[in-house]
Amino acid sequence: MASTKPESSQTSPSVDENSSEPLNLSKKQVKKEAQKAERLRKQQEVTAAAAVESAEADPFSGNYGDILTEEIQSKAISGRRWTEIGSLDIELAGSTVLIRGAAQTIRPVSKKMVFLVVRHYVSTVQCVLVINKECVSPQMVKFATGLSKESIIDIEGVVSIPKDPIKGTTQQVEVQVTKLFCVNRAVPNLPINIEDAARSEMEFEKAEQTGEQLVRVGQDTRLNYRVLDMRTPANQATFRIQCHVENIFRRFLLSEGFVGIHTPKLVPGSSEGGAAVFKLDYKGQPACLAQSPQLYKQMAICGGFGRVFEVGSVFRAEDSYTHRHLCEFVGLDVEMEIKEHYFEVCDIVDRLFVAMFDYLNENCKKELDAINRQYPFEPLKYLRKTLRLTFLEGVKMLKEAGVEVDPFGDLNTEAEKKLGQLVREKYDTDFYILYRYPLAVRPFYTMLCYDDPAYSNSFDVFVRGEEIISGAQRIHLPELLTKRAEACGIDVKTISTYIDSFRYGAPPHGGFGVGLERVVMLFCALNNIRKTSLFPRDPQRLVP
């Protein structure tokens with residue numbers, strides 16, 4: 001953390017092997033892909049025509065086939081009842097259900113029988129198609145066998161209980177298929193297979209022991225074909241958990257009397273001072289993308305709102321190629337009046353995150369299990385009352401462990417990791433607050449300690465040895481704020497309206513910022529923040 005360290009968890013840049021590369025196609029490649037797509041289209045037309053011809057002699061032709069485009073153009077409302085795949089259980093045994101999902105696997109056993117695994121969200125079910133005299137013909141089995149993986153299909157069938165447990169699906173029932181229709185066909189050759197993208201490290205280790213060759217889908221390939229990568233159960237679960245985190249953040253703060261606000265993302269100058277910004281032309285005026293809502297949320301406090309929060313995009317132009325940095329992320333920001341002590345802000349952090357962790361553990365078991373199957377992790381350890389240590393206490397713990405740290409400097413990544421390990425061993429928690437940081441490593445608007453101006457009324461919050469939150473009491477005195485800004489090399493003219501807002505009577509206040517993606521990454525112990533960003537933006541990636 002440098003003296004210009006922004007809030008919301010972006011720290012010093014370093015190289016990381018997991019960074020991503022953009023997908024850039026040449027004109028020749030584009031033309032080749034177009035030709036390939038045209039060949040596939042013609043092939044599908046031939047297949048469809050053959051199916052129609054075959055269906056003419058099939059008495060059960062009405063039980064299967066490709067749905068015509070006009071039928072899915074909101075032509076009519078049939079009133080049919082649909083069943084979610086995730087709700088299929090033994091209580092529905094013997095019932096006829098109608099489901100829709102993606103054909104994850106298609107496994108012909110013979111010309112008379114085929115197994116289909118159908119997926120929707122994080123749930124999967126095995127469907128069985130067997131020739132019979134009532135509703136399933138050989139042509140229907142052939143049609144099912146000819147479907148391409150990831151095609152969207154509708155299945156009507158009877159729920160049954162298999163004799164043996166099913167290992168490859170989340171639902172422990174089968175659907176005996178009576179009708180099968182294809183809503184939309186996927187191309188026959190997918191750039192990545194969902195089964196490959198969903199494999200755990202344990203599966204690769206077992207395969208290596210037996211000599212089996214499995215396809216490993218790399219980070220860049222996943223991101224280049226993100227739409228397919230999203231379909232893995234772990235990714236479906238990750239972004240549902242992210243949604244819960246955001247909702248809990250909002251609900252908790254609303255219950256505490258906070259007001260949700262939205263601040264500008266086009267600003268005239270740096271909001272953090274010194275950190276890299278994305279510059280742009282704003283109708284002939286120099287401008288940049290906001291690194292933080294910091295100055296504006298403080299102005300909202302000056303405007304009399306008392307307690308505010310924001311969920312919005314934050315932009316950082318640093319060349320950070322690490323596992324935990326992005327050029328654009330979702331910031332969860334809070335600002336509030338304080339009556340006596342900035343620990344009032346720490347109290348909000350404490351109760352907010354304990355409530356958040358409790359909710360996720362109690363209500364997201366299915367999602368956490370889905371992530372755990374592909375990326376095994378230990379549940380987060382946290383105390384009912386969050387541990388608080390001073391910066392110097394942390395320095396002392398590190399020194400006693402043989403790690404020398406400058407008491408007036410900042411903790412580097414290695415020191416943070418080591419301190420997290422020491423805290424877990426001594427206090428049995430992965431979540432703690434470190435406060436009273438050296439002033440030299442905090443932003444210009446941070447309030448000085450009353451008893452030692454070399455230190456500040458600030459804090460960081462750590463999860464599994466990594467920082468997720470940065471916060472502090474702010475300077476609400478315009479003269480002192482101006483002095484600190486100049487000392488940090490900030491052109492005061494670019495923030496004059498911000499400083500002026502404190503000249504009209506401003507209450508003491510403080511706040512904090514946290515990156516949404518980083519919270520999810522560390523709660524689930526994932527090894528790369530790109531796993532928790534739907535379409536990540538880093539120094540080398542602007543697509544898809």
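Which residues form one aromatic cluster with Phe353? Select Phe357, Tyr382, Phe431 and Phe523 along with Phe353, and the cluster is on screen. Keep in mind that this is a predicted model.

**Stop 1: the aromatic cluster and helix 15**

The structure holds 15 aromatic pairs. To look at one of them, keep Phe357 and Phe523 selected: the two rings are stacked, with 5.5 Å from centre to centre and 20° between the planes. Colour helix 9 (residues 343–363) and helix 15 (residues 516–523) next; Phe357 belongs to helix 9 and Phe523 to helix 15, so the pair ties together parts that are 166 residues apart in sequence. Both partners are covered: Phe357 is buried at a relative accessible area of 2%, and Phe523 is buried at 4%.

Stay on helix 15 and show its side chains. How many of its eight residues are buried? The count is eight of eight. The buried set includes the charged residues Glu517 and Arg518, and also Leu516, Val519, Val520, Met521, Leu522 and Phe523. Then step just past the end of helix 15 to Ala525, where phi is positive, at about 55°.

**Stop 2: two arginines over rings**

Select Arg216 and Phe204. Arg216 lies over the face of the Phe204 ring, 4.1 Å from the ring centre. A second arrangement of this kind is found by selecting Arg442 and Tyr437: here the arginine lies over the face of the tyrosine, at 4.7 Å from the ring centre.

**Stop 3: the largest pocket**

Turn on a surface and go to the largest pocket, which holds about 900 Å³ of space. It is lined by 29 residues, and those closest to its centre are Gln104, Lys167, Gly168, Ala198 and Glu203. Centre the view on these five.

Now colour by element. Two or more lining residues come from each of strand 2 (96–110), strand 3 (113–120), strand 4 (123–130), helix 3 (194–197), helix 4 (201–210), helix 7 (233–255) and helix 10 (365–374). Which of these gives the most to the lining? Strand 2 does, with four residues. Coloured by residue class, the lining splits into twelve nonpolar, nine polar and eight charged residues.

**Stop 4: the largest cavity**

Rolling a probe the size of a water molecule over the atoms shows where empty space is left. In this model, two cavities of 30 Å³ or more are counted. The largest cavity has about 60 Å³ of space.

To find the largest cavity, select its lining: Gln219, Arg222, Leu223, Arg226, Asp229, Asn235, Tyr375, Arg530 and Lys531. By class, that lining has five charged, two polar and two nonpolar residues. Helix 5 (219–224) and helix 6 (226–229) each supply at least two of the lining residues. The largest share is from helix 5, at three residues.

**Stop 5: a three-stranded sheet**

Finish with the open sheet whose strand order is 8-10-9, paired antiparallel. Its edge strands are strand 8 (266–267) and strand 9 (279–282), each of which pairs on one side only. How many bridges join strand 8 to strand 10 (residues 285–289)? Two bridges do, and these strands run antiparallel. For a single contact to display, select Val267 and Cys288: Cys288, in strand 10, is the bridge partner of Val267.

Notes:
Residues are numbered from 1 along each chain as its sequence is written. This is a predicted model: local features need pLDDT of at least 70, side-chain atom pairs count only at pLDDT 80 or more; totals for chains, interfaces and linings use all residues. Side-chain values use heavy atoms; hydrogens and water are left out. On a 1 Å grid over the protein atoms alone, a cavity is a set of points where a 1.4 Å probe fits but cannot get out, and a pocket is an open set with protein on both sides within 12 Å along at least five of seven lines; lining residues have an atom within 4 Å of a point. Grid points are joined across faces, edges and corners, and a volume is the space filled by probe spheres set on the points. Rings of Phe, Tyr and Trp (its six-membered ring) pair if their centres lie within 6.5 Å; planes under 30 degrees apart count as stacked, over 60 as edge-to-face and the rest as tilted. Buried means under 20% relative accessible area, exposed over 50%, partly exposed in between (1.4 Å probe, protein chains only). A charge sits over a ring if NZ of Lys or CZ of Arg is within 6 Å of the ring centre and within 35 degrees of the ring normal. Two strands pair if DSSP finds at least two bridges between them.
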